[in-house]
Amino acid sequence: MTRLFNDPTAFADEALEGFAAAHRRWVRSVTGGVVRAGGTPDGEVAVVVGGGSGHYPAFSGLVGRGLAHGAAVGNVFASPSAQQIRSVARAAHGGAGVLLMYGNYAGDVLHFGQAAERLAGEGVEVRTLAVTDDISSAGPGQPAERRGIAGDLPVFKAAAAAAEEGLPLDEVLRTAEHANARTRSFGIAFSGCTLPGAGHPLFTVPEGRMAVGLGIHGEPGIGEEPLPTADEAARLLVSTLLKELPDDVPTPEGARTAVILNGLGSVKYEELFVVYRTVAALLADAGVEIVEPEVGELVTSFDMAGVSLTLTWLDDRLERLWRAPADAPAHRKGALEAPAAASGPREEEADDTAAVPPASEESREAAATVLTALRALAGTVDEHVEELGRIDAVAGDGDHGIGMQRGSTAAHRAAAEALALGAGAGTVLTRAADAWADRAGGTSGALWGTILRALGTALGDQDAPTASRVADGVTEASAGVRRLGGAETGDKTMVDALVPFADTLADAVAAGEPLTGAWDRAATAAGSAAAATAELLPRKGRARPHAEKSLGTPDAGAHSLALITRAVHGVLHHDH
Ligand SMILES: Nc1ncnc2c1ncn2[C@@H]1O[C@H](COP(=O)(O)OP(=O)(O)O)[C@@H](O)[C@H]1O
Ligand SMILES: O=C(COP(=O)(O)O)[C@@H](O)CO
């Protein structure tokens, strides 16, 4: 249960504010997150990490000398937006390039990827690395599909220590890739977590049972077994990880590992120590030498009761980096030398959103209808916020309602501001697109940003918004979402509703049907397709590791898209 909060939608922002106020010796707040208080030494590669809130000390608590140079911090269980990441990366950049590091979640991959593109376009040398240590999230043959959990710490640290040694960007990246390839985690859980403001946990584990193969977003485990003793838990964790050694570690005998026994939020330190006692003994029995173990909370999931074991199989180089001194709010070891010279805080950019491009009278009239449609969109999301969260919690992380609400509210507000400045339909939509992606983060933030932007580009600020321009915009939105997310129909994502929506609209408009009737037909197609996703097994996104659990429940993103298209039809219908 999360008891202490004000407005649940402000929880992440308020927590970050308090964190920064309490840790001024280490960090400085910037738009989108925090950077080291002392800045990045000139000429040093900056390691910028990030992810959703709800995982403290990941990610802000890992910013400090010997560890990350900055952290982009998203909403609860949602990736930070590309804009936040870009802002933190620019503030952390010490002139030698930036390595962006994050867990391998759909929203993170989309937003960090977009941020990397923007930074590169601005002349910042940038590389990305997604941590993939959780062996329960995909088989050994699909390492790139695995998600990042407590293995974040050793992989981030290897990269940051390599940066501190003065290595160039590509060497820092290679070091991070090597550390990631040699890091494996596995976990178990006894109860799920409750998001701020929610009345019940994202999942429950029956009395006397444990979930095996946990995620860090209260995702249910991939299996269930009887509740173990501490020794049995230790045996399960160790034996599972010893069965999957990295390719270049032929046997545990004589190997050396960094070991992390991580508490997920409500397992007591003493309980962790009781488990660690046996973990250490079992590893010793297998001939493994433990190097500087960590037992405590390093990547959490609110009040989830769970524990995970991480092993990073060391070679001489990785061992030196793991042992290197660090001084971050949540991870300190060794003694650091005097800091190298760092440039002062980099200026935040001025807000250039005031002026809008000139627009024709026709386009400004259309912009008023767009605003009404965005109001209806936000209204239907508000009305269904709990239902969307409930659907997402079946096999995902339960935040779809909250994310859509933050995004659609911000989009409506930005659109209203642009309209008041005299913007045309295209600019109103592109401002709404940016606001949605920037405020919401998460997978749906990136995808809805893409949808609104495609529509805005198709409508422009000069021409009349004809039915065929709208249909072209929706067709481009459908292509853009598939390009960005890599999902196709049948993967159980919003694409399953978006493609039939776009295709039906385009066909009806091409057949000469007026926009309102064509949209009606398309919204009906989206509704049926969204309902039919209940019978699909997810192949993308957060729900994938829990495929069977999601059978019988539609995809949250497909359902919200269908609700939105129907609400927008109400506006078109009313207008004509
Ligand atoms: N690769 C993808 N392409 C298109 N849509 C996706 C993809 N991955 C996930 N989704 C959609 O995103 C929805 C979840 O959105 P959101 O709650 O923002 O996710 P998260 O919490 O994982 O960031 C899913 O229900 C699905 O419709
Ligand atoms: O949830 C996180 C980011 O992934 P999404 O796919 O946006 O949910 C975050 O908590 C871990 O980085």
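**Exercise 1. Helix H1**

What span should the twelve residues of helix H1 (residues 11-22) have at 1.5 Å a residue, and how far apart are the end C-alpha atoms? Determine also which residues of H1 are buried and where they lie around the axis.

*Solution.* The model is a predicted one.

Step 1. The expected span of a helix is 1.5 Å times one less than its number of residues. For the twelve residues of H1 this gives 16 Å. The end C-alpha atoms of H1 are 16 Å apart, which agrees with the expectation.

Step 2. A residue counts as buried under 20% relative accessible area and as exposed over 50%. The buried residues of H1 are Phe11, Ala12, Leu16, Phe19 and Ala20. These residues lie on the same side of H1, because the arc they cover around the axis is only 160°.

Step 3. The general rule for such a pattern is that an α-helix has 3.6 residues a turn, so residues three or four places apart point the same way.

Step 4. Glu17 and Ala22 are exposed, and they are on the other side of H1. The cover over the buried residues of H1 includes four strands: E1 (27-30), E2 (33-36), E3 (46-53) and E4 (70-76).

**Exercise 2. The pair H10 and H11**

Describe how helix H10 (residues 385-395) packs with helix H11 (residues 400-420), and state which residues make the contact.

*Solution.* Two packed helices are described by the angle between their axes and the distance between the axes.

Step 1. For H10 and H11 the angle is about 135° and the axes are 6 Å apart.

Step 2. Angles over 145 degrees count as roughly antiparallel, and 65 to 115 as roughly perpendicular. H10 and H11 are therefore oblique to each other.

Step 3. H10 contributes Val385, Leu388, Gly389 and Asp392 to the contact, and H11 contributes His400, Gly401, Ile402 and Gln405. By class, these residues are three nonpolar, four polar and one charged.

Step 4. Two further residues touch members of this contact. Asp399 is in the loop between H10 and H11. With 12% relative accessibility, Asp399 counts as buried. Beyond its neighbours within four places in sequence, Asp399 is in contact with Val76, Phe77, Ala78 and Asp392. Leu563 belongs to helix H17 (residues 556-575) and, at 19% relative accessibility, counts as buried. Residues up to four places away in sequence being left out, Leu563 touches Thr380, His384 and Leu388.

**Exercise 3. Backbone geometry**

Which peptide bonds next to Pro57 and Phe59 are cis, and what is phi at Phe77 and Phe302?

*Solution.* Most residues other than glycine have a negative phi, and most peptide bonds are trans.

Step 1. Tyr56 and Pro57 are joined by a cis peptide bond with omega of about 10°. The bond from Ala58 to Phe59 is also cis, with omega near 10°. Pro57 lies in the loop between E3 and E4, and Phe59 is found in the loop between E3 and E4 as well.

Step 2. Phe77 is not a glycine, yet its phi is positive, near 55°. Its place is the loop between E4 and helix H2 (82-92). Its relative accessibility of 4% makes Phe77 buried.

Step 3. Phe302 likewise has a positive phi, about 50°, without being a glycine. Phe302 sits in the loop between strand E11 (289-296) and strand E12 (305-314), and its 15% relative accessibility counts as buried.

**Exercise 4. Two buried residues and their contacts**

Are Thr257 and Ala82 buried or exposed, and which residues do they touch?

*Solution.* The 20% cut-off for buried residues applies again.

Step 1. Thr257 is in strand E10 (residues 256-263). Its relative accessible area is 0%, so Thr257 is buried.

Step 2. Apart from neighbours within four places in sequence, Thr257 is in contact with Val288, Glu289, Ile290, Val291, Leu311, Thr312, Trp313 and Leu314.

Step 3. Ala82 lies in helix H2 and is buried, at 2% relative accessibility. Residues up to four places away in sequence set aside, Ala82 touches His111, Gln114, Ala115 and Arg118.

Step 4. A separation in sequence can be set beside one in space. From C-alpha to C-alpha, Ala82 and Gly221 are 30 Å apart, with their positions 139 residues apart in sequence counted as the separation.

Terms used:
Residues are numbered from 1 along each chain as its sequence is written. Chains are lettered from A and ligands numbered from 1 in the order in which they are written. This is a predicted model: local features need pLDDT of at least 70, side-chain atom pairs count only at pLDDT 80 or more; totals for chains, interfaces and linings use all residues. Side-chain values use heavy atoms; hydrogens and water are left out. Helices (H or I, at least four residues) and strands (E, at least two) are DSSP runs, numbered from the N terminus. Buried means under 20% relative accessible area, exposed over 50%, partly exposed in between (1.4 Å probe, protein chains only). The arc is that of the directions from the helix axis to the C-beta atoms. Contact means heavy atoms within 4.5 Å. Axes are lines fitted to C-alpha atoms, for helices over the stretch in contact, and angles run from 0 to 180 degrees between N-to-C directions. Angles under 35 degrees count as roughly parallel, over 145 as roughly antiparallel, 65 to 115 as roughly perpendicular and the rest as oblique. Ala, Val, Leu, Ile, Met, Phe, Trp, Tyr, Cys and Pro count as nonpolar, Asp, Glu, Lys and Arg as charged, and the others, Gly among them, as polar.
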